[in-house]
Amino acid sequence: MMRLGVIGAGNISGAHIKVAPLIADQVKIVALADPALAPLARQSARFHIDRIYSNIDEMLAADDIDGVVICTPHHTHAKLAIAAAKTGKHVLVEKPMACSADECHAMIDAADCAGVRLMVGQCQRYDPAYRGLRRAVHAGELGCIRAARIETMQNAAAFVPAGHWYRDGSLAGGGIVISVAIHKIDLLRYLIGDVVRVNAQCRTIDPAFINGAEDLAVATLEFASGAIGQLFASWGAFRLRYSENLMIFGDTGAVHALPETPTQMGPAWIASRQRTPTVEPGFAGQFGGFELVAPDQTGLPTAESFANQLVHFAECCRTGAEPLSSGRDNLRTMQVVFAIYESARTGQTVELPQ
Ligand SMILES: NC(=O)c1ccc[n+]([C@@H]2O[C@H](COP(=O)([O-])OP(=O)(O)OC[C@H]3O[C@@H](n4cnc5c(N)ncnc54)[C@H](O)[C@@H]3O)[C@@H](O)[C@H]2O)c1
């Protein structure tokens, strides 16, 4: 049984805490910490967690806590993760790992030095729907992957209040790319491999986004495999039918994760020569033959990505295995984000460190 303390009692802390009962034989959330008393009191009452700390160091000093889940603004991730590792706590840090490559390296070093596991909460990797997609891609159902396209679109004005740290590049490390599109950047890496080259443009349209937080971004991505990808991210989308989108194009198949609900991407649809060898010929035929990708729950204890993520974290802490979304792996995702920002700033194509 792994005993966890959650640091940061805001919005996403609830997503971690509420799934713990599903995996009660493996993980228990025993404490909650936040320097702000209002969210601390709110989440403590909502989830019946009596053990609360407004002083994070006091929680980190507790001997009966094995690890922490860091659910705080991005500029605090590195400092908190390093402090936790130094007290011998395993660390699950919410995405994005941190705000710079130097911070990421320092977190990896601190965890290695302390002999604790460092994992990043890229929850989509623990979603059975995307596991099913990965299995299909890796089984060669699409043939050779040539291209991919990801979209992330939200109307921030409708739900992110003015003055929120998400709107401040000095606290969030950037704007929509580091805060939201990172999910799909990491997912693409998980599905089709590493990115080696990036070219991007970013804009800040809404003046309520400050200190370099972009609310509009486009980027082209080149993968190690030679495949090319396109990213579109907007926090200024006025009204839309959906928020997220993913497409993958191979020689003998295609995937389109058609949004099922406005806010979630929903399951992926796949068409491939293997699944539907005889499609109608002609222009109309190319739009048919899609079928749902069956979720793959192999090795995942539940249908809930956040519960699966916590169990994977607990297992890696127990066995010493490297997490699927370890800090070391996630550095590569962060480097794509930082390359997008560098390219947008310099107007140059950016090569990722090898
Ligand atoms: N996985 C996902 O789908 C997902 C979704 C939303 C947010 N997130 C991530 O979760 C993290 C938190 O986002 P949120 O939306 O919950 O933010 P939030 O603003 O709702 O909550 C953050 C909390 O952290 C507290 N905090 C600030 N500084 C702190 C410090 N130094 N030590 C301890 N607590 C501190 C704040 O008081 C606040 O209660 C971010 O990294 C965000 O990107 C992930």
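Let me start at a single glycine. Helix H5 is followed by Gly-115, and the phi of Gly-115 is positive, near 70°. Keep in mind that this is a predicted model.

Now back up into the helix itself. H5 runs over residues 101-114, which is 14 residues. From first C-alpha to last, H5 reaches 20 Å. That is close to the 20 Å expected at 1.5 Å a residue.

Which residues of H5 are buried? They are Glu-103, Cys-104, Met-107, Ala-110 and Ala-111. These five cover an arc of only 130° around the axis, so they sit on the same side of H5. Look at the other side of H5 and you find Asp-102 and Cys-113, both exposed.

What do the buried residues of H5 pack against? Two helices and two strands are on the list: helix H4 (77-86), helix H10 (327-346), strand S5 (90-94) and strand S6 (118-121).

Next, the ligand. It is surrounded by 22 residues. The closest are Gly-8, Gly-10, Asn-11, Ala-36 and Glu-94. Sort the shell by class and you get eleven nonpolar residues, eight polar ones and three charged ones.

One more residue to visit: Ala-31. Find Ala-31 in strand S2, residues 27-33. Is Ala-31 buried or exposed? Ala-31 has 22 C-beta neighbours inside 10 Å, and the cut-off for buried is 20 or more, so Ala-31 counts as buried. Leave out residues up to four places away in sequence, and Ala-31 touches Gly-5, Ile-49, Arg-51, Ile-52, Tyr-53, Met-59 and Ile-65. For a sense of distance, take Arg-131, which is 100 residues from Ala-31 along the chain. The C-alpha atoms of Ala-31 and Arg-131 are separated by 31 Å.

Finally, step back to the whole protein. The secondary structure comes to ten helices and 15 strands. Along the principal axes, the C-alpha trace spans about 65 × 45 × 40 Å. How does the radius of gyration fit a compact globule? For 354 residues, a compact globule would come out near 20 Å; this protein has 20 Å, so the two agree. Buried residues make up 48% of the 354 residues.

Last, the contacts. Take those between residues at least 6 apart in sequence. Of these, 67% join residues at least 24 apart.

To recap the helix we began with: H5 has buried residues on the same side, exposed Asp-102 and Cys-113 on the other, and Gly-115 following. Thank you.

Key: Residues are numbered from 1 along each chain as its sequence is written. This is a predicted model: local features need pLDDT of at least 70, side-chain atom pairs count only at pLDDT 80 or more; totals for chains, interfaces and linings use all residues. Helices (H or I, at least four residues) and strands (E, at least two) are DSSP runs, numbered from the N terminus. The expected span of a helix is 1.5 Å times one less than its number of residues. A residue is buried if 20 or more other C-beta atoms lie within 10 Å of its own, exposed if 12 or fewer, and partly exposed in between; C-beta atoms are placed from the backbone. The arc is that of the directions from the helix axis to the C-beta atoms. Two residues are in contact if their C-beta atoms, placed from the backbone, lie within 7 Å. A residue is near a molecule or strand if its C-beta atom, placed from the backbone, lies within 6 Å of it. Ala, Val, Leu, Ile, Met, Phe, Trp, Tyr, Cys and Pro count as nonpolar, Asp, Glu, Lys and Arg as charged, and the others, Gly among them, as polar. The radius of gyration is taken over C-alpha atoms; the globule rule is 2.2 Å times the number of residues to the power 0.38.
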